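Dear colleague,

Please find below the structure that I am handing over to you. My notes on its features follow directly after it.

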Amino acid sequence: MEILKQGKSVDDIKSADEKVSGIVRNTLKKIENEGDKAVRELSEQFDKWSPEAFRLSDDQIQDIVNQIPEQTKTDIAFAQGNIRKFAEAQKNSMKDIEIEMEPGIILGHKNIPVNSVGCYVPGGRYPMVASAHMSVLTAKVAGVSRVIACTPPINGEIPKETVYAMHKAGADEIYILGGIQAMGAMAIGTDSINSVDMIVGPGNAFVAEAKRQLFGKVGIDLLAGPTEVMIIADEKSDPEMIATDLLGQLEHGPTSPGVLITTSKDVADKTVEELERQLKVLSTGEVARQSWEEYGQIILVKNNEEALKVADDLAYEHVEILTEDEDYFLDNMTNYGALFIGPRTNVAFGDKVIGTNHTLPTKEAAKYTGGLWVGKFIKNVTYQRITSDEKSAKIGEYAARLCQLENFAGHAEQGLLRVRKYGNK
């Protein structure tokens, strides 16, 4: 393995995140102590936004619906149709089970949706309309009864397309509220916003840190940092396509990592030339250039086996496979958020429209978790039932002896009581 270009490490990114920790902690404490007053002050400070009510009324939503162009409605319907279809298929793969371990001893599990979820949909430089589909719609498919959605204003205006997407996805309440104040209000609750059991969705460093600090008080989907893209290529890969697909993610922000892993020095060199050419004409080139210069990497490997080892060690969020042997990586790669296999697909398809979810693990979290899906909104809970006196006494004997091994006298007595009550009959 040879590193042709070295970018900043995951540790550098984590270090940058730590700088916002104190700000988030103090802000959440302020929301906890002052409720709506704090939320309004923060919204005024950071978003210059202080409406009569942060929650949109039914009439306001309908007015927004009426303003959306028909083509936009069609496009959103297409994307949401795909996302719903895939999410429903995922849900159908989750089955309640019940098994009789032996006559009279019954164990089972049930899949129960979370009762209430708060979905954050980012705004700012890029209004993330697609995040409404990925969070709100997926939660609704999972069976969540109350789904609220927050998104910030953009330049003092309501982001109409985002609100429309939230509405069509099935949001029960829609708030024009951003940043730490949105996360805190949803998780902690205020006089005007009832708290939820779980918060989900991507966001900037402050939103991500708020999520981290609120975890435990509420559930979360995952901790998502700056978006990442990896492309695995060989001598047959197209440098123009590699450059295009790298820049398509690097434009997200100045700290978005991108890496090319390739077996071909020639492809690596030509990709660098393509990157430079495209950066000169890309409208978001200034941001993408900073990401590439500071967080971009090119790693030259000997073969697919070495590429696989490097890729699994980096554990990136988005991984495009542009090699001749596509199935090798599908069959063997273990650490990634989502795979995009072959030149006919790409990260943008997955992020926006094809049907898979775009809220995915970053910063090596793919080593232990997958991305957002219906299962994240569903609790797998177990139950047990014994219908036989004989079997209750039998389990009681085993349980008592095992509890005594651990010096749990009270635990053991639970078993012994069943032996005395139900045994020797």
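**Salt bridges**

Lys30, Glu34, Lys37 and Glu41 are joined to one another in a network of salt bridges. Please bear in mind throughout that this is a predicted model. Within the network, Lys37 pairs with Glu34, and their closest N and O atoms are 3.5 Å apart. Lys37 is partly exposed, with a relative accessible area of 49%. Glu34 also counts as partly exposed, because its relative accessibility of 34% falls between the limits of 20% and 50%. In general, side chains of opposite charge can pair when their charged atoms come close.

The count for the model comes to 21 salt bridges. Two others deserve mention, and both involve helix α11, which covers residues 265-279.

- Asp266 forms a salt bridge with Lys270, with 3.2 Å between the closest N and O atoms. Both residues lie in α11, four residues apart, or about one turn of the helix. Asp266 is partly exposed at 44% relative accessibility, and Lys270 is partly exposed at 40%.
- Glu276 and Arg289 meet through their side chains in a salt bridge of 3.2 Å, N to O. This pair links distant parts of the chain, since Glu276 is in α11 and Arg289 is in helix α12 (residues 285-295), 13 residues apart. Relative accessibility is 32% for Glu276, which counts as partly exposed, and 24% for Arg289, which also counts as partly exposed.

**Nonpolar cores and a surface patch**

The largest nonpolar core has 64 residues. Those with the most contacts inside this core are Val117, Leu177, Met183, Met186, Ile199, Leu214 and Phe377. Which residues does Met183 contact, leaving aside its neighbours within four places in sequence? They are Tyr120, Ile199, Val207, Ala210, Lys211 and Leu214. Ile199 and Leu214 thus appear both as contacts of Met183 and among the residues with the most contacts inside the core. Apart from this core lies another, of 21 residues, among them Ala243, Val267, Ala268 and Leu322. In soluble globular proteins, nonpolar side chains tend to be buried together.

A nonpolar patch is also present on the surface, formed by Ile99, Met101 and Leu107. Together these three residues have about 260 Å² of accessible area. Leu107 belongs to strand β3, residues 105-113. At 30% relative accessibility, Leu107 counts as partly exposed.

**Two helices and their packing**

Helix α5 (residues 70-92) has 23 residues. From its first C-alpha to its last, α5 reaches 32 Å, close to the 33 Å expected at 1.5 Å a residue. The buried residues in α5 are Lys73, Ile76, Ala79, Gln80, Ile83 and Ala87. Against which elements do the buried residues of α5 pack? The partners are α4 (58-67), α6 (129-142), α7 (160-169) and α15 (347-352).

Helix α16 (residues 389-405) has 17 residues, which should span 24 Å at 1.5 Å a residue. The end C-alpha atoms of α16 are 25 Å apart, in agreement with that expectation. In α16, the buried residues are Lys391, Ser392, Ala393, Gly396, Ala400 and Cys403. They pack against β2 (97-102), β3, β14 (378-386) and α17 (409-422). Strand β3 is also where Leu107 of the surface patch lies.

**Two buried serines**

Ser43 is found in helix α3, which comprises residues 36-47. Is Ser43 buried or exposed? Ser43 counts as buried because its relative accessibility is 0%, under the limit of 20%. Beyond its neighbours within four places in sequence, Ser43 is in contact with Lys48, Trp49, Phe54, Leu177 and Gln181. Of these contacts, Phe54 is 11 residues away from Ser43 in sequence and 9.7 Å away in space, C-alpha to C-alpha. Leu177 is also one of the residues with the most contacts inside the largest core.

Ser135 has its place in helix α6, one of the elements against which the buried residues of α5 pack. Ser135 is buried, with a relative accessible area of 1%. Not counting residues up to four places away in sequence, Ser135 touches Cys119, Val121, Val200, Leu372 and Phe377. Phe377, like Leu177, is listed among the residues with the most contacts inside the largest core.

With kind regards

Conventions:
Residues are numbered from 1 along each chain as its sequence is written. This is a predicted model: local features need pLDDT of at least 70, side-chain atom pairs count only at pLDDT 80 or more; totals for chains, interfaces and linings use all residues. Side-chain values use heavy atoms; hydrogens and water are left out. A nonpolar core is a set of buried Ala, Val, Leu, Ile, Met, Phe, Trp, Tyr and Cys residues joined through side-chain atoms within 4.5 Å. Buried means under 20% relative accessible area, exposed over 50%, partly exposed in between (1.4 Å probe, protein chains only). Contact means heavy atoms within 4.5 Å. Patches are made of residues with over 30% relative accessible area and no salt bridge: like charges are joined within 9 Å, nonpolar side chains (Val, Leu, Ile, Met, Phe, Trp, Tyr) within 5 Å. Accessible areas come from the Shrake-Rupley method with a 1.4 Å probe; for residues, only the protein chains shown count as cover. A salt bridge is a side-chain nitrogen of Lys or Arg within 4 Å of a carboxyl oxygen of Asp or Glu. The expected span of a helix is 1.5 Å times one less than its number of residues.
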